[in-house]
Amino acid sequence: MFAYVGGYTTPDRDGRGNGINVYRVDEVSAGWTHLQRVGGLDNPALFTLNRDQTRLYSVHGGRNLISAFAIDRQTGSLTLLNQQDCQGSNPVDSALDPSERFLIVANYASGAVAVMPLAPDGRLQPVSQLVQLEGTPGPDPQEQSSSHPHAVVFDPTGQFVVVPDKGFDCTFFFRFQHGRLTPTQQSHIVSAASAAPRHAAFHPTLAVLYVNNELDSTVTVLDWTAGGATERQVISTLLAGYAARNTTAEIVASPCGRHLYVSNRGQDNIVQFVIARDSGLLTYAGNFPTGGAKPRFFTLGPRAKHLYVANQDSDEITVFHIDQASGSLIPTGVRVSVGSPSAISFVTPS
């Protein structure tokens, strides 16, 4: 398979990266072979792929741009299609609607969600809608001075969009229809003060939404209904007694629906939770050191046999085998050196 790795490149983001790097990954030997570097890009920080894996969209951390690339699935190479202003500051995440005619973007620093139409060839068009989020800042004066939407996630039906807002201590809910976002009847759900909702993941089969809270190192379990949610559980990602600073970063539910993983920055590990089969509630199962510093991002491989961690501050990707019975992580010893990684996406060759 091909791997696309992005990260931070500029001094204002403490970046040591050099653009988007493309690799060929041998899942048998676990070896990574470098194929291409796409330079001249500021902080390509997180990626979104279309369904047939022929287009890659990148947000640019600390900037106001989104980039669209064409993927050659025979060679893995990327070709820049165009860039477009997202009408906001520091875009941190994006998501394609089911029709793949629109890209939804979370503008972290300016507290807004943008809708960007796509041309038939995948090129980005100017923003068609900009939704300014409204609410009350949380109590942390440095991290919560204003709205900070940190993710955009479509629900399994593709009709609703979930936007965790780190600055407002709440998660917003929108209906997406005819290319426009409108608040649902519930509109949002409030978290604990200074929880700081960051990212979200849906259970693959249950009507359950998981939100990891960045500042208080917890996960909230929500029962999901069409455009609304009810809190069922809040569980810590930390072992009892841990007092040092820690923030959560990424959250992923396994395709089998039995395990949930969350990364801790501070403890620098991946936490595993076991998911109750009937309710979706969580039980802490263990944690696994990433072997690096500040695991900002991680993802599962296409067949969920491996977990890949982007250790931002130690400039490396570490790879774990996933035990299919227990869900536990086993270090493979594979370490890929790359500056300030924060994004990893995989494409299967055609």
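Is Cys86 buried or exposed?

**View 1. Two cysteines of the predicted model and their burial.** Cys86 is buried, and its relative accessible area is 0%. Cys256, by contrast, is partly exposed at a relative accessible area of 45%. Zero disulfides are found when the whole structure is searched.

**View 2. The largest nonpolar core and its best-connected members.** This core holds 46 residues, and Tyr4, Trp32 and Leu103 touch the most other members. The element that gives the most to the core is strand E6, spanning residues 65-71, which supplies five residues. A second core, separate from this one, has 20 residues, among them Val113, Leu133, Phe172 and Phe174.

**View 3. The surroundings of Trp32.** Leaving aside residues up to four places away in sequence, the contacts of Trp32 include Ala3, Val5, Tyr23, Arg24 and Val25. Trp32 also touches Tyr308, Ile317, Val319, Val334, Val336 and Phe346.

**View 4. An open sheet of four strands.** The strands follow the order E8-E9-E10-E11, with antiparallel pairing. Strand E8 (91-96) and strand E11 (129-132) are the edge strands, each pairing on one side only. On average, neighbouring strands of the sheet are turned by 20 degrees against each other, direction ignored.

**View 5. The pairing of strands E9 and E10.** Six bridges join strand E9, residues 102-107, to strand E10, residues 112-117, in the antiparallel sense. One of the residues involved is Asn107, whose bridge partner in E10 is Ala112.

Key:
Residues are numbered from 1 along each chain as its sequence is written. This is a predicted model: local features need pLDDT of at least 70, side-chain atom pairs count only at pLDDT 80 or more; totals for chains, interfaces and linings use all residues. Side-chain values use heavy atoms; hydrogens and water are left out. A nonpolar core is a set of buried Ala, Val, Leu, Ile, Met, Phe, Trp, Tyr and Cys residues joined through side-chain atoms within 4.5 Å. Buried means under 20% relative accessible area, exposed over 50%, partly exposed in between (1.4 Å probe, protein chains only). Helices (H or I, at least four residues) and strands (E, at least two) are DSSP runs, numbered from the N terminus. Contact means heavy atoms within 4.5 Å. Two strands pair if DSSP finds at least two bridges between them. Axes are lines fitted to C-alpha atoms, for helices over the stretch in contact, and angles run from 0 to 180 degrees between N-to-C directions. A disulfide is a pair of cysteine sulfur atoms within 2.5 Å.
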